[in-house]
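Subject: Structure handover

Hello,

I am passing on the structure we talked about. Please open it and keep it in view while you read the notes.

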Amino acid sequence: MFKNISITSVYVLDQDEALDFYVGKLGFAVSNDVDMGFMRWLTVSLPADPDRHLLLEVPGPPSLSEEVAAQVRNLVTKGALGVACILTTDDCRRTYAELSAKGVEFTEEPVEQPYGIDCALRDPFGNHIRVTQPATGPVEVTDEDIARWGGAPQNG
């Protein structure tokens with residue numbers, strides 16, 4: 001039925017500031033920047049993945065009432081909307097160093113995980129972004145990994 005996911009929405013509080021961050025620091029490219037009169041349709045994509053876009057959307061009409069938009073803005077700034085996206089790289093530590101040099105602030109440094117090497121950052125608005133260098137081969141999660149992540153091993 002469906003072919004792919006082409007656009008994922010990420011709430012931002014200022015689209016020009018979002019462009020500076022996603023394009024200027026993370027290396028995305030603008031794929032659409034359209035003034036629709038009632039809203040600005042602003043999408044970015046990675047040059048290596050031009051068919052998958054992030055819609056950098058300011059919470060508000062027409063999709064949200066002003067009351068709900070205010071609540072969403074509050075949740076964004078608290079980082080309470082979950083992971084906005086997970087970006088993959090061939091070298092997580094190099095990517096971390098390059099982005100740090102550009103002034104990107106990370107919430108987690110690169111760490112070895114069962115699924116690869118990964119780190120985390122937030123955009124200027126509070127959205128969580130993870131950067132992952134996927135592991136090669138099968139992924140094996142141990143009880144120690146689960147405990148380190150703050151969970152309890154599942155019996156099953």
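The notes below go from the whole chain to single residues.

The whole chain

Please keep in mind that this is a predicted model. The protein chain holds four helices and eight strands. Read from the N terminus, their order is β-α-β-β-β-α-β-α-β-β-β-α. The C-alpha trace spans about 55 × 40 × 35 Å along its principal axes. Of the 156 residues in the chain, 34% are buried. The chain exposes about 9,600 Å², and carbon and sulfur atoms supply 52% of that area. Taking contacts between residues at least 6 apart in sequence, 50% join residues that are at least 24 apart. There are 12 positive and 24 negative charges, and the mean positions of the two sets are 1 Å apart.

Helix H1 and the core

Helix H1 covers residues 15-25, and its buried residues are Gln15, Ala18, Leu19, Phe21 and Tyr22. Which strands do the buried residues of H1 pack against? They pack against E1 (7-11), E2 (29-35), E3 (40-46), E4 (49-57), E7 (116-122) and E8 (128-134). At the N-terminal end of H1, Asp14 acts as a cap, with a side-chain oxygen 3.0 Å from the backbone nitrogen of Asp16. Just after the helix comes Gly27, which has a positive phi of about 90 degrees. Most residues other than glycine have a negative phi.

The largest nonpolar core has 29 residues. Within this core, the residues with the most contacts are Tyr22, Leu26, Leu54, Leu56 and Ile129. The elements that each give two or more residues to the core are H1, E3, E4, H2 (66-77), E5 (83-88), H3 (92-101), E7 and E8. H1 gives the most, with four residues. As background, nonpolar side chains tend to be buried together in soluble globular proteins.

Leu54 is a useful residue to click on. Leaving out residues up to four places away in sequence, Leu54 touches Thr8, Val10, Tyr22, Phe28, Leu42, Thr43, Val44 and Cys85.

Buried residues to look at

Thr43, one of the residues that Leu54 touches, is found in strand E3. Is Thr43 buried or exposed? Thr43 counts as buried because its relative accessibility is 0%, and the cut-off for buried is under 20%. The side chain of Thr43 makes a polar contact of 2.7 Å with the side chain of Ser31. Apart from residues up to four places away in sequence, Thr43 touches Ala29, Val30, Ser31, Asn32, His53, Leu54 and Leu55.

Val76 is found in helix H2. With a relative accessibility of 1%, Val76 counts as buried too. Beyond residues up to four places away in sequence, Val76 touches Tyr11, Leu81, Phe125, Gly126 and Asn127. Val76 and His128 are 52 residues apart along the chain, and their C-alpha atoms are separated by 9.4 Å.

The loop between E4 and H2

Leu64 is found in the loop between E4 and H2. Leu64 has a relative accessible area of 16%, so it is buried. Outside its neighbours within four places in sequence, Leu64 is in contact with Tyr11, Pro59, Ala69 and Val72. Tyr11 is also one of the residues that Val76 touches.

Pro62 is found in this loop between E4 and H2 as well. The peptide bond from Pro61 to Pro62 is cis, with omega near 10 degrees. For comparison, most peptide bonds are trans.

Residues with some exposure

Ser100 is found in helix H3. Ser100 counts as partly exposed because its relative accessibility is 30%. The side chain of Ser100 reaches the backbone oxygen of Tyr96 at 2.8 Å. Ser100 and Lys25 are 75 residues apart in sequence, and the distance between them in space is 9.6 Å from C-alpha to C-alpha.

Lys3 is placed in the segment before E1. Lys3 is exposed, as its relative accessible area is 80%. How far apart are the C-alpha atoms of Lys3 and Glu66? They are separated by 34 Å, and the two residues are 63 residues apart along the chain.

Regards

Conventions:
Residues numbered from 1 in each chain as written. Predicted model: local features only at pLDDT ≥ 70, side-chain atom pairs only at ≥ 80, totals over all residues. Heavy atoms only, no water. Buried < 20%, exposed > 50% of the residue type's maximum accessible area, 1.4 Å probe, protein only. Contact = heavy atoms within 4.5 Å. Polar contact = N/O pair within 3.5 Å; in protein donor to acceptor, adjacent residues only side chain to side chain. Areas by Shrake-Rupley, 256 points an atom, 1.4 Å probe, with all protein chains shown as cover. Lys, Arg positive; Asp, Glu negative; His and termini not counted. Charge placed at Lys NZ, Arg CZ, Asp CG, Glu CD. Core = buried A, V, L, I, M, F, W, Y, C linked by side-chain atoms within 4.5 Å.
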